Amino acid sequence: MARVSMEGAHEKLLHLTFEEAEGAESSENADNSSVQSSKFILWLQIFIFTFFTIGGQAAGTLLGRVYYEQGGQTRWIATLAQTAGFSILLPFICYPSTKNHNEDELTIHQPSIFVRASVYIFLGLFQVVNSMSFTVGVQYLPASTYSLISGSQLAFNAITSFLLNGQKITAIILNSIVLLSFSSSAVIFQNETGDSGEISQKSLLIGFAATTFGSLGYALQFTFTELAFQKVFKSSTLKEVMKMSFFIGFFVTIASLTGLFASGNWRNLEKEMGEYRTGKSSYVINLVCSAIAWQLYALGSVGLVFKASSLFSNVVINLGTSIVPIFAMVFLKDRMTGLKVFSLLLGLWGYTSYIYQHYLDDLEAKTSVIKASDDQDDDF
């Protein structure tokens, strides 16, 4: 009788162990399904932000070039057009969002208004200088040349991310930096004469210096933005991305308006509109569309920093620089000379090198997860 009781207890124990194993497996499958769903949403958001970044960059660059070609002359207006579109984000910021328990916990640790304002103003002033630098670059350089030089932003960001964000710099990443540096520098050896009229060597050097300075500035700005998300802002919602993009645009617009009125350029706006070759309506439409395009670019690039990293955001921006010359050739009749093609190929090579490193990092991460899972199974 005792033997039967012991056998029954043993069978019951095995049955419970089996049920626990099934429950653990079911829980693991549910967790895997949840992880896969989260990854899908993450990459969907990254795809949308990528589309905003590349689309806004291409449209904004070409519209900025058209502004000058059709008679626009005020740099502060062109700079203002790069940030004045922040108002389109207002409905999304004001729209009430549902909060869960985790978000309530995160809200408790949010920085004060003074800290927030300080970060926004600091990043905003950075963007004013960078936007003005890029405005000068667009004015003095053809769109294709400007885009190729601005590709150095990725190389600069790799360096600043290494110094400030602890970004790993491998041999492949270093190869990417060297290639992109050569890609952005090679064009200064060519005298531009066929894209949009004669361009002197002096103008080319000014445009090259301004665009390179703007690229370095934006690299630092993206690095500081990533630091702000990591160290200051603790919210994990997309509304935080919109808030940052909105308030940075707000402060940059105020600074640009101050520069416009302080310089006295606002007195020439009516004359500039009257002398615009395609008319006043085209003048206004160009600036409005530029503002929307650059705001989509800003929202997309900040979103990529938030969802991935500053370096990944700059990889996407650099991809856009490879696409813009194609649109410039189609819509603005820019010539793709041999040296530009060579610079473009170097840029693509450098971009591909970084993507390959990203692939290796993902492969290593997956291998580590699989190995850890196998070790747990062996222990069980």
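In the next few minutes I will go through the overall make-up of this chain and then a handful of its residues. Please keep in mind throughout that what we are looking at is a predicted model.

Let me begin with the chain as a whole. The protein chain contains 14 helices and 0 strands, so that, by the way these elements are assigned, reading from the N terminus gives an α at each step of the run. Of its 380 residues, 43% count as buried, and the chain exposes about 20100 Å², of which carbon and sulfur atoms supply 67%. If we take the contacts between residues at least 6 apart in sequence, 86% of them join residues at least 24 apart.

Now to the aromatic residues. The count comes to 17 aromatic pairs, and I would like to take one of them, Tyr120 with Phe247, in some detail. The ring centres of Tyr120 and Phe247 are 5.2 Å apart and their planes are at 15 degrees, and because planes under 30 degrees apart count as stacked, that is the class this pair receives. Tyr120 belongs to helix H5, residues 113-140, while Phe247 belongs to helix H10, residues 238-263, so the pair ties together parts of the chain that are 127 residues apart in sequence. Are the two partners buried or exposed? Tyr120 is buried, with a relative accessible area of 4%, whereas Phe247, at 29% relative accessibility, counts as partly exposed. Both rings also belong to one aromatic cluster, whose other members are Phe86, Phe229, Phe233, Phe246, Phe250, Phe251 and Phe306.

Next, helix H7, which spans residues 152-165 and holds Ser161. Ser161 has a relative accessible area of 1%, and it is therefore counted as buried, the limit for that being under 20%. Which residues does Ser161 touch, once its neighbours within four places in sequence are left aside? They are Gly166, Gln167, Thr223, Ser310 and Leu311. With Ser310 in particular there is a polar contact between the two side chains, at 3.3 Å, and the C-alpha atoms of Ser161 and Ser310 are separated by 7.6 Å although the two residues are 149 apart along the chain.

Helix H7 also has a part in the surface. A nonpolar patch with about 740 Å² of accessible area together is formed by Ile159, Phe162, Leu163, Leu164, Ile169, Leu174, Val178 and Phe182. Helix H7 and helix H8, residues 171-185, each supply at least two residues of this patch, and H7 gives the most, with 4 residues. Ile159, which lies in H7, counts as partly exposed at 41% relative accessibility, while Ser161 in this helix is buried.

Finally, I would like to turn to two glutamines, both of which have Trp294 among their contacts. Gln57 lies in helix H1, residues 2-69, and is buried, with a relative accessible area of 7%. Not counting residues up to four places away in sequence, Gln57 touches Phe52, Trp294, Tyr297, Ile317, Gly320, Thr321 and Val324. Gln82, by contrast, is found in the loop between helix H2, residues 75-81, and helix H3, residues 90-94. Even in that loop, Gln82 is buried, with a relative accessible area of 13%, and, with neighbours within four places in sequence left aside, Gln82 is in contact with Ser131, Thr135 and Trp294.

Definitions and conventions:
Residues numbered from 1 in each chain as written. Predicted model: local features only at pLDDT ≥ 70, side-chain atom pairs only at ≥ 80, totals over all residues. Heavy atoms only, no water. Buried < 20%, exposed > 50% of the residue type's maximum accessible area, 1.4 Å probe, protein only. Contact = heavy atoms within 4.5 Å. Polar contact = N/O pair within 3.5 Å; in protein donor to acceptor, adjacent residues only side chain to side chain. Patch = residues over 30% accessible without salt bridge, like charges linked within 9 Å, V, L, I, M, F, W, Y side chains within 5 Å. Areas by Shrake-Rupley, 256 points an atom, 1.4 Å probe, with all protein chains shown as cover. Salt bridge = Lys/Arg side-chain N within 4 Å of Asp/Glu carboxyl O. Phe/Tyr/Trp six-rings, centres within 6.5 Å; stacked < 30°, edge-to-face > 60°.
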